[in-house]
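Thanks for sharing this one. Please have a look at the structure below, and then we can go through my notes point by point.

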Amino acid sequence: MEQPSFRIGFALCGSFCTHAKALSALEKTKARFGDVTAIVSENVAALDTRFGAAHELMRELERICDKRVIDSLPKAEPLGPKKLLDALVICPCTGNTLGKLASGVADTTVTLSAKSHLRNGRPLILAVSTNDALASSAKSIGALLDKKNVYFVPFRQDDYREKPTSLVADFDLVPDTVAAALEGRQLQPLVLGPAE
């Protein structure tokens, strides 16, 4: 029996230290679902960091997805009205983006993509990566856990000794989380034990 075809959006925010793992998750998502569109925040599109040059990242996203990256508000706006995605992943999803999503703010390419996508009642999957997840971002996570059609990639404390309020999703679980979300299920367990 042929597997149904899904159109997946894969959005990256500025947790630059996790971009290598996010690209690996994107490759696995593309291999599993086929049709994947990359979306980036303005900072990801423009900033060179110690983790790499912005233009090299954009080129790699286009290579993996075999299509242009959505990198501006005008390019993101049609996602909802034209129902262009079956699911949207934000990986990594920063504390800043969590706060905006929880408050209904849509002033970046990624948050507008999410808002535009959610209007269709389709799944939004968040792969958290933030040092303040168990501090100032905790209320945003709590609000989003209670929001319809929002799902989380299972996460863990990544360094509880040095960064006790930090959480990072297990990016290897992105494709499984997307598959579960497309069925209306939250992949469990949501909170993972320490990394081996």
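1. Let me begin with a single pairing: Arg7 has Asp35, a residue of strand E2, as its bridge partner. Please keep in mind throughout that this is a predicted model. The pairing sits in a wider arrangement, as strands E1 and E2 run parallel and are joined by seven bridges.

2. How much of E2 is buried? Of the seven residues in this strand, which spans residues 34-40, five are buried, so the rest of the structure largely encloses E2.

3. Helix H8 deserves a similar look. This helix covers residues 174-182, and seven of its nine residues are buried, so H8 too is largely enclosed by the rest of the structure. The buried set consists of Val174, Pro175, Thr177, Val178, Ala179, Ala180 and Ala181.

4. What covers those buried residues of H8? The cover includes four strands and a helix that you can pick out in the viewer: E1 (6-12), E3 (87-93), E4 (124-130) and E5 (150-152), together with helix H1 (19-33). After H8 comes Gly184, which has a positive phi, near 80 degrees.

5. Now to a loop residue I would like you to find. Thr18 lies in the loop between E1 and H1. Is Thr18 buried or exposed? Its relative accessibility is 8%, and because buried means under 20%, Thr18 counts as buried.

6. Which residues does Thr18 touch, leaving aside those up to four places away in sequence? They are Pro92, Ser129 and Phe171. Cys91 is another useful reference point: 73 residues separate Thr18 from Cys91 along the chain, while their C-alpha atoms are 8.8 Å apart.

7. Stepping back to the whole chain, the secondary structure amounts to eight helices and seven strands. Counting contacts between residues at least 6 apart in sequence, 76% join residues at least 24 apart.

8. On overall dimensions, the radius of gyration is 15 Å, which agrees with the value near 16 Å for a compact globule of 196 residues. Along the principal axes, the C-alpha atoms fill a box of roughly 45 × 40 × 35 Å. Buried residues account for 50% of the 196 residues.

9. Last, the surface and the charges. The protein exposes about 9,600 Å², with 50% of that supplied by carbon and sulfur atoms. There are 24 positive and 23 negative side chains, and 5 Å lies between the centres of the two sets.

Technical notes: Residues numbered from 1 in each chain as written. Predicted model: local features only at pLDDT ≥ 70, side-chain atom pairs only at ≥ 80, totals over all residues. Heavy atoms only, no water. Helix = DSSP H or I, 4+ residues; strand = E, 2+ residues; numbered from the N terminus. Rg over C-alpha atoms; globule rule 2.2 N^0.38 Å. Buried < 20%, exposed > 50% of the residue type's maximum accessible area, 1.4 Å probe, protein only. Contact = heavy atoms within 4.5 Å. Areas by Shrake-Rupley, 256 points an atom, 1.4 Å probe, with all protein chains shown as cover. Lys, Arg positive; Asp, Glu negative; His and termini not counted. Charge placed at Lys NZ, Arg CZ, Asp CG, Glu CD. Pairing = 2+ DSSP bridges.
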